[in-house]
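Here is a friendly walk through one protein chain, written for someone who likes to think at the bench. Please keep the viewer open as you read.

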Amino acid sequence: MTPGEIEAALQAAIARCDAINCPLNPQQQQILRQVVLESLYNEGGGNSNRQEWQEINPLDELTLEQRQSFLQFVREKEQQNRPWKVQLMNDWLQERDSGSVQFIRDRFGLSWLNRIEPSHFEKYVEIDDEPPMKLKVGDRIEVSNALWEWVQDEGPCSRQWFVCTVLQVNEVCNGEDIMTSCIIRLINTGMEYEIQGIYQWNRYYWRWLQR
């Protein structure tokens, strides 16, 4: 079974429990997932199955409405400089209702939350949109060589991606507009670059680190 088929089967089992008025709580759902996955890994696919599972985008498992609510929640918290994942964890620890994203706790639980990486958001955000998560000092991203040289989508001078670390993020307000730039350091060379308009005209030339 592919990871997607495994998740579909698990969701069907959880839905069937709901249908007969025996719903599984988040902890029980997490145990079910762990037992099934551990059993599959031990029986044959081993590391290859585990790698495939890790490569699944957790946001694919949400409905359209759930995904929209979740992305809106992340954007709002990031704009308030309040880490969205920390906010959810605090809600859960203090038994507070998380409003429009309460379904994450009720239906998916901590194991799902821990699978979320910044790169998972890119599939559901247009390149011209402001990304849900803001860059922070210490983040690892990948930048394209198109930032400093002419490249082609196909041909001898093709696009390449380089891992770097964010050293500094600066925001400049111009009326109602906010322009963001950042300084990065390339891991392979140690060279540093300043990228202007990181969320605007240069958004096409960087992406979250693909784990």
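Let us begin with a single lysine: K136 is partly exposed, with a relative accessible area of 36%. Here, buried means under 20% relative accessible area, exposed means over 50%, and partly exposed is in between (1.4 Å probe, protein chains only). The model is a predicted one, in which local features need pLDDT of at least 70 and side-chain atom pairs count only at pLDDT 80 or more, while totals for chains, interfaces and linings use all residues. Residues are numbered from 1 along each chain as its sequence is written, and side-chain values use heavy atoms, with hydrogens and water left out.

**Salt bridges**

Which residue does K136 pair with? E78 forms a salt bridge with K136, and their closest N and O atoms are 2.8 Å apart. This pair links distant parts of the chain, with E78 in helix 3 and K136 in the loop between helix 5 and strand 1, 58 residues apart. E78 itself counts as buried, at 4% relative accessibility. A salt bridge here is a side-chain nitrogen of Lys or Arg within 4 Å of a carboxyl oxygen of Asp or Glu. Helices (H or I, at least four residues) and strands (E, at least two) are DSSP runs, numbered from the N terminus.

How many salt bridges does the structure hold? There are ten, including the three in this table.

| Salt bridge | N to O distance | Relative accessible area |
|---|---|---|
| E78 and K136 | 2.8 Å | E78 4%, K136 36% |
| D60 and K123 | 3.0 Å | D60 36%, K123 56% |
| E122 and R203 | 3.8 Å | E122 25%, R203 8% |

The side chains of D60 and K123 meet in a salt bridge. D60 sits in the loop between helix 2 (26-55) and helix 3, and K123 in the loop between helix 5 (102-115) and strand 1 (140-144), so this pair ties together parts that are 63 residues apart in sequence. D60 is partly exposed, while K123 counts as exposed.

E122 and R203 also meet through their side chains. Their pair links distant parts of the chain: E122 is in the loop between helix 5 and strand 1, and R203 is in the loop between strand 4 (192-195) and strand 5 (206-208), 81 residues apart. Of these two residues, E122 is partly exposed and R203 is buried.

**The chain as a whole**

The chain has five helices and five strands, and from the N terminus on its elements run α-α-α-α-α-β-β-β-β-β. Buried residues make up 36% of its 211 residues. The accessible surface comes to about 12700 Å², of which 49% belongs to carbon and sulfur atoms. Such areas come from the Shrake-Rupley method with a 1.4 Å probe, and for residues only the protein chains shown count as cover. Among contacts between residues at least 6 apart in sequence, 52% join residues at least 24 apart; contact means heavy atoms within 4.5 Å.

**Two packed helices**

At what angle do helix 3 and helix 4 pack? Helix 3 (residues 64-79) and helix 4 (residues 84-93) meet at about 105°, with their axes 8 Å apart. That makes helix 3 roughly perpendicular to helix 4. F70, F73, V74, K77 and E78 of helix 3 make the contact with W84, Q87 and L88 of helix 4. The axes are lines fitted to C-alpha atoms, for helices over the stretch in contact, and angles run from 0 to 180 degrees between N-to-C directions; 65 to 115 degrees counts as roughly perpendicular.

In the loop between helix 3 and helix 4 you will find N81. Its phi is near 55°, a positive value in a residue other than glycine. Most residues other than glycine have a negative phi. N81 counts as exposed, at 65% relative accessibility.

**Strand 3, inside and out**

Is I184 of strand 3 buried or exposed? I184 is buried, with a relative accessible area of 0%. Leaving aside neighbours within four places in sequence, I184 is in contact with ten residues' worth of company that includes I141, V143, L167 and Y193. The C-alpha atoms of I184 and L167, 17 residues apart along the chain, are separated by 5.4 Å.

M179 is also found in strand 3 (residues 177-186), and at 31% relative accessibility M179 counts as partly exposed. V172, M179 and W201 form a nonpolar patch on the surface, with about 310 Å² of accessible area together. Patches are made of residues with over 30% relative accessible area and no salt bridge, with like charges joined within 9 Å and nonpolar side chains (Val, Leu, Ile, Met, Phe, Trp, Tyr) within 5 Å.

Key. Parallel < 35°, antiparallel > 145°, perpendicular 65-115°, else oblique.
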